[in-house]
Structures are given as structure tokens and as C-alpha cells.
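Grab a pencil and work through these exercises with the model open beside you. Try each task before you read its solution.

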Amino acid sequence: MPRDKSWRNLRGMRALPPGAAREGIRCDQRAEVFRSALEQSEQLFRAAETIGPETQPLLLFYGLSQAGRALAAVSPSLPAAEQGRQPWHLKGHGIEANPQGPLRNISLMPPKKPNPHGLTSFAGVAQALGCEGLPISGARLGDLWASLPETRYVPLEEAPRFPALYLQAQSAYEPPLPSGWSTINLTFCPARVWEESGGLSQEERITEFLAHYPTLGEWRFLPPDGVGRQETGRRDSSSLPRTIYVPHHPNPHVSVETLLGTPYRGDVHYVLPAIEGNQRPLHPLLAWWGVLYGLASVARYEPQSWVKAINIDKANDRTANAIEHLLEMATSAIPELVTRELHRLN
């Protein structure tokens with residue numbers, strides 16, 4: 001969705017806020033925060049479109065942070081009052097980073113101590129979206145970067161460990177399969193899944209790799225009756241080397257994509273990795289949050305390092321191009337994701 005269309009949709013929600021900010025005297029304050037935070041978010045994103053990467057991460061991060069306040073204000077998961085506080089009224093960032101060293105290795109951590117003033121922005125938005133936040137052990141910026149589908153063609157690292165995988169279910173034109181099972185195709189897999197290494201067989205490499213994608217559930221190389229296609233030829237340059245089988249949902253109206261994947265922009269679904277220490281994948285908005293916070297921290301506290309990182313003419317280093325691409329994608333991806341979540345919370 002073009003970013004102008006996303007912002008038009010978001011502006012259209014402000015006359016009648018969704019979810020917990022919709023109506024009633026107790027909702028007035030939530031509605032005010034929803035409207036003002038969205039206005040600030042839009043202005044920050046619009047301003048970010050007019051400047052260069054020298055300061056872009058700062059505006060984009062704070063634009064996302066204000067959008068997060070709008071999400072919290074309307075989320076039914078955050079009660080109006082709890083122990084004399086308003087959990088939906090977020091306090092502080094709720095995420096920390098050490099902005100030194102290579103970008104890919106920056107650690108993003110939850111705060112060491114709980115916030116005495118209330119729910120932090122990162123934790124509050126995670127709760128508003130109904131998903132996990134950062135584990136206590138934190139996350140590596142390079143891993144969050146790779147989990148964003150927009151980065152697959154212009155990666156920060158040449159060989160990301162666990163990228164977002166594009167999910168396609170069995171085509172209606174393929175031969176029928178055993179009742180209750182479907183094949184899926186996963187693309188944008190790293191080359192190491194294909195290449196022989198460590199004495200592992202192809203099946204062992206695939207099993208080890210897919211263990212980091214918990215939403216795939218109880219997948220198999222063959223359905224229970226042992227009869228199926230054992231396709232091993234390369235379907236394209238980044239497909240999983242083997243056909244895998246997944247069980248259907250008991251409800252026939254629930255698609256395989258909905259069951260296993262995370263909806264992203266448009267009607268596409270991705271299978272996303274879980275951060276070590278988490279049971280489920282990080283929500284894409286929180287992955288964007290972590291990446292932008294890490295970049296904003298470098299830009300703000302280590303400006304000399306940031307200027308070097310965004311030097312597009314630096315020989316044998318594609319980091320600057322990856323940064324420019326990510327920041328450009330953020331201006332359209334984030335408003336669209338916020339729009340999707342606000343419609344879901346309505």
C-alpha cells in the first residue's frame with residue numbers, strides 16, 4: 001500500500017477512534033492520545049521523507065514510538081485503570097542498546113529494572129498487540145533486520161542466519177495430497193540450507209534450520225501414510241530444497257497461510273523466526289522498533305560512527321546501501337503495518 005494511502009486511512013480513523021478509545025466518558029482521554037499521537041507520528045514520518053540518512057533514524061524511530069502510543073490507547077488488552085495507573089499511557093522506551101561496534105552485533109535489551117512509573121512503550125505495544133517482547137537475553141540487531149521481509153534483496157549481512165521466509169501453500173493445480181495435509185513452499189532460504197556442511201544430511205540441515213521457525217508446527221518430509229512427493233530439485237534460487245508437508249487446521253475456512261504465517265503488507269504471509277529465548281516470532285512492528293532504535297542510538301550517541309556507516313562510497317562495504325534501503329522502506333512499511341493493526345484492534 002502506498003504510504004499516502006496508509007496515512008489517509010489513518011487520518012480517517014481519527015474522527016471515530018477504534019477499539020477501547022471509541023466512546024464513553026472513560027474513553028475520552030484515550031481518544032485524545034490516539035489522535036494527537038497519530039498526528040505527531042505522521043508529521044515525524046513526513047519530515048523523515050525529506051531528509052537524509054544522517055538523521056532519518058531519529059525521526060522514524062520517534063514516529064514509530066508515537067504510533068505505538070496510538071495503538072496502546074485503543075487496545076482492549078490494556079485496561080483503563082490498574083492499581084491506580086493507566087497501563088495504556090506508556091512511560092519510557094522500554095528498550096536499551098549499546099551503540100558501539102558493528103551495527104549487526106548491537107544488542108537490544110529490555111531494561112534491567114522495571115519502570116516504576118508504569119508500562120514502557122516497547123512492552124506496552126507488545127501487550128497491546130498480544131505478542132512477546134524482547135527476551136531477557138536480548139536480541140541481535142542483525143537478526144531483527146533479517147526478519148524484516150523488505151531487507152531480503154538488500155541485506156545488512158551477506159548471509160543472514162534466519163531471514164523471513166515467503167510462504168506459499170499448495171496450488172490448486174498440483175496433484176491431490178492425502179486428506180488433511182498440504183505442501184508448502186518457503187522461499188528466501190539462505191544458501192547454507194542447500195550446501196553440504198558439518199557432515200549433516202540435507203534433511204538434517206533443513207530440520208535444524210526450520211527449528212527456528214516455531215509457527216510451522218508439526219511439519220514433515222512425508223505425510224503420516226508415507227506417500228507423497230519427495231521433490232528435491234531446486235525450484236528457484238532460494239526455495240527450500242525439499243517439499244515439506246503440514247497438517248490442515250480443523251476449520252476448513254482457515255488457510256494454511258493464516259495458520260502458519262504472519263500476514264504482512266498486502267495479502268502475503270511470511271514465516272518468521274523466533275528470537276532465542278522467545279516461544280514465538282517477534283511482531284514485525286516490534287522488529288522495526290528494535291532496528292530503528294538501534295540505528296537511532298548510533299546516530300544520536302555515536303555520530304562519528306554513524307557518518308562512517310552511511311558513507312555510500314566506502315570501498316568493499318555495502319552497509320550504507322543496506323541502511324538507505326531499510327530507511328526508505330520504513331517510510332511506507334510502518335504506516336501500512338500500523339493501519340493493519342488498528343483495523344484488527346477495532
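**Exercise 1.** Find out which residues of α4 meet which residues of α8, and work out how the two helices run relative to each other.

*Solution.* Step one: list the partners. On the α4 side, S121, F122, V125, A126 and L129 meet L285, L286 and W289 of α8; contact here means heavy atoms within 4.5 Å. Helices (H or I, at least four residues) and strands (E, at least two) are DSSP runs, numbered from the N terminus. A quick note on where this comes from: the model is predicted, so local features need pLDDT of at least 70 and side-chain atom pairs count only at pLDDT 80 or more, while totals for chains, interfaces and linings use all residues. Residues are numbered from 1 along each chain as its sequence is written, and side-chain values use heavy atoms, with hydrogens and water left out.

Step two: sort the contact by class. It has 7 nonpolar, 1 polar and no charged residues (nonpolar: Ala, Val, Leu, Ile, Met, Phe, Trp, Tyr, Cys and Pro; charged: Asp, Glu, Lys and Arg; polar: the others, Gly among them).

Step three: look at the geometry. Two packed helices are described by the angle between their axes and the distance between the axes. The axes of α4 and α8 come within 10 Å and cross at roughly 170°. Axes are lines fitted to C-alpha atoms, for helices over the stretch in contact, and angles run from 0 to 180 degrees between N-to-C directions. Angles under 35 degrees count as roughly parallel, over 145 as roughly antiparallel, 65 to 115 as roughly perpendicular and the rest as oblique. So α4 and α8 are roughly antiparallel.

**Exercise 2.** Describe how α1 packs on α10, and with what kinds of residues.

*Solution.* Start with the numbers: the angle is about 35° and the axes are 8 Å apart. Next, the residues. R3, S6, W7, N9, L10 and M13 of α1 meet a set in α10 including T331, P335, V338 and L342. Finally, count classes: this contact divides into 6 nonpolar, 6 polar and 2 charged residues.

**Exercise 3.** Is E341 buried or exposed, and what does E341 touch?

*Solution.* First place E341: it lies in helix α10. Then check its accessibility. The cut-offs are under 20% relative accessible area for buried, over 50% for exposed, and partly exposed in between (1.4 Å probe, protein chains only). At 6%, E341 counts as buried. Not counting residues up to four places away in sequence, E341 touches L71, L129, H283 and L285.

**Exercise 4.** Which helix gives the largest share of the largest nonpolar core?

*Solution.* A nonpolar core is a set of buried Ala, Val, Leu, Ile, Met, Phe, Trp, Tyr and Cys residues joined through side-chain atoms within 4.5 Å. The largest one has 73 residues, and W145, W288, L292, W306, L326, I334 and L342 touch the most other members. Helices that each supply at least two residues include α1, α4 and α10. The largest share, 12 residues, comes from α8. Now zoom in on L326: leaving aside neighbours within four places in sequence, L326 is in contact with W145, L148, T151, W288, V291, L292 and L295.

**Exercise 5.** What is unusual to spot in the phi of F188, and where does F188 lie?

*Solution.* F188 has a positive phi of about 75° although it is not a glycine. F188 sits in the loop between β5 and α6. At 19% relative accessibility, F188 counts as buried.
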